[in-house]
Amino acid sequence: KFLKINKFKIPIFIRINSLDTNLGKDDYLAFKEYSNKDLYFIIPKIENIEILRDIEREVKLIALIETPIAIQNLSKISEDPRIKGLLLGPADLSNSLGSSLGWNSLLFSRSKLIIESAINNIHPIDGPFMNLSSETGLIEECRLSKDLGFRSKVAIHPSQIEVIKDVFFPSEEELLEAKLIIKAFNESEEGVISFDGKMIDKPLVDAKEKILLMAGLNPKDFR
């Protein structure tokens with residue numbers, strides 16, 4: 001009812017139960033009629049694309065990666081056109097691996113998720129930071145996630161939202177630099193330019209365009 005009567009200007013993400021259970025199938029059927037909106041289903045415990053056999057091709061999905069088998073099959077999962085993002089589930093994954101939740105313990109899994117997201121041009125999302133009492137720890141993990149290539153991070157509690165936004169959303173300085181670099185590169189006839197003492201080539205410009213996209217800006221407006 002809430003989705004039916006409200007209009008949204010932002011994407012909506014709904015985590016349903018696993019599709020290999022009746023609850024998960026019922027969840028999907030209950031929300032399927034709203035899939036024409038900017039609605040994404042977060043699919044937990046996904047380990048292969050066979051579990052998506054009853055999901056229509058136009059439906060947008062976020063795959064929750066939380067088992068060793070999912071990590072092993074990540075390439076095939078990521079290639080499915082319905083998959084628009086990969087979300088790491090660190091708690092269940094570390095439990096399956098017998099590891100801690102520490103950054104280094106799950107670095108391989110995070111790196112593999114980043115690589116497959118880049119190959120398939122989908123959105124990499126880091127899992128939640130579980131210690132609600134440590135804002136310093138949350139800030140540190142957000143920065144590590146962003147440096148690795150994650151574009152966002154899940155909040156497990158509303159108190160974490162502002163910290164996550166502050167770290168992942170581009171600053172005014174980052175946006176200004178991106179605009180100036182894009183403009184300077186496109187005004188030049190060279191394949192490599194110098195900007196503020198830095199060498200700038202096409203891959204770096206592409207990265208700056210992604211920064212503008214994260215802020216809801218069209219890079220073409222600054223060429």
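This report covers the sheet, the hairpin, the nonpolar cores and a few single residues of a predicted model.

## Basis

Residues are numbered from 1 along each chain as its sequence is written, and side-chain values use heavy atoms, with hydrogens and water left out. In this predicted model, local features need pLDDT of at least 70 and side-chain atom pairs count only at pLDDT 80 or more, while totals for chains, interfaces and linings use all residues.

## The parallel sheet

Six strands form an open sheet in the order 1-2-3-4-5-6, with parallel pairing. Strands are DSSP runs of E, at least two residues; helices are runs of H or I, at least four; both are numbered from the N terminus. Two strands pair if DSSP finds at least two bridges between them. Strand 1 (12-15) and strand 6 (152-153) stand at the edges. Each has a single partner strand, so one side of each lacks a neighbour in the sheet.

Strand 1 pairs with strand 2 (residues 39-43) in the parallel sense, over four bridges. One bridge partner is Tyr40 in strand 2, facing Phe13.

## Asp126 in strand 5

Asp126 is found in strand 5. Is this residue buried or exposed? Asp126 is buried, with a relative accessible area of 0%. Buried means under 20%, exposed over 50%, and partly exposed in between (1.4 Å probe, protein chains only).

Contact means heavy atoms within 4.5 Å. Leaving aside neighbours within four places in sequence, the contacts of Asp126 include Arg110, Glu141 and Lys153. Leu87, Leu88, Trp103 and Phe150 are also among them.

## The strand 7 and 8 hairpin

Strand 7 (residues 192-195) and strand 8 (residues 198-201) run antiparallel, joined by four bridges. Ser194 has Met199 in strand 8 as its bridge partner. The side chains of strand 7 alternate. Ile193 and Phe195 point to one face and are buried. Val192 and Ser194 point to the other face and are not buried.

The two strands form a hairpin with two residues between them. Asp196 lies in this loop. Its phi is near 55°, a positive value in a residue other than glycine. Asp196 is exposed, at 66% relative accessible area.

## Nonpolar cores

A nonpolar core is a set of buried Ala, Val, Leu, Ile, Met, Phe, Trp, Tyr and Cys residues joined through side-chain atoms within 4.5 Å. The largest has 38 residues. Ile46, Leu52, Ile65 and Ile83 touch the most other members. Helix 8 (residues 161-168) gives the most to this core, with four residues. A second, separate core of 11 residues includes Leu175, Ala178, Phe185 and Ile211.

Which residues does Ile65 contact beyond its neighbours within four places in sequence? They are Ile46, Ala70, Ile71, Leu74, Ile77, Leu86, Leu87, Leu88, Gly89 and Leu113.

## Surface and loops

Leu101, Met130, Leu132 and Ile156 make a nonpolar surface patch of about 340 Å². Patches are made of residues with over 30% relative accessible area and no salt bridge; nonpolar side chains are joined within 5 Å, like charges within 9 Å. A salt bridge is a side-chain nitrogen of Lys or Arg within 4 Å of a carboxyl oxygen of Asp or Glu. Areas come from the Shrake-Rupley method with a 1.4 Å probe; for residues, only the protein chains shown count as cover. Leu132 sits in the loop between strand 5 (123-126) and helix 7 (135-148). At 48% relative accessibility, Leu132 is partly exposed.

Asn121 is in the loop between helix 6 (107-120) and strand 5. Asn121 is not a glycine, yet has a positive phi of about 55°. Asn121 counts as exposed, at 63% relative accessibility.
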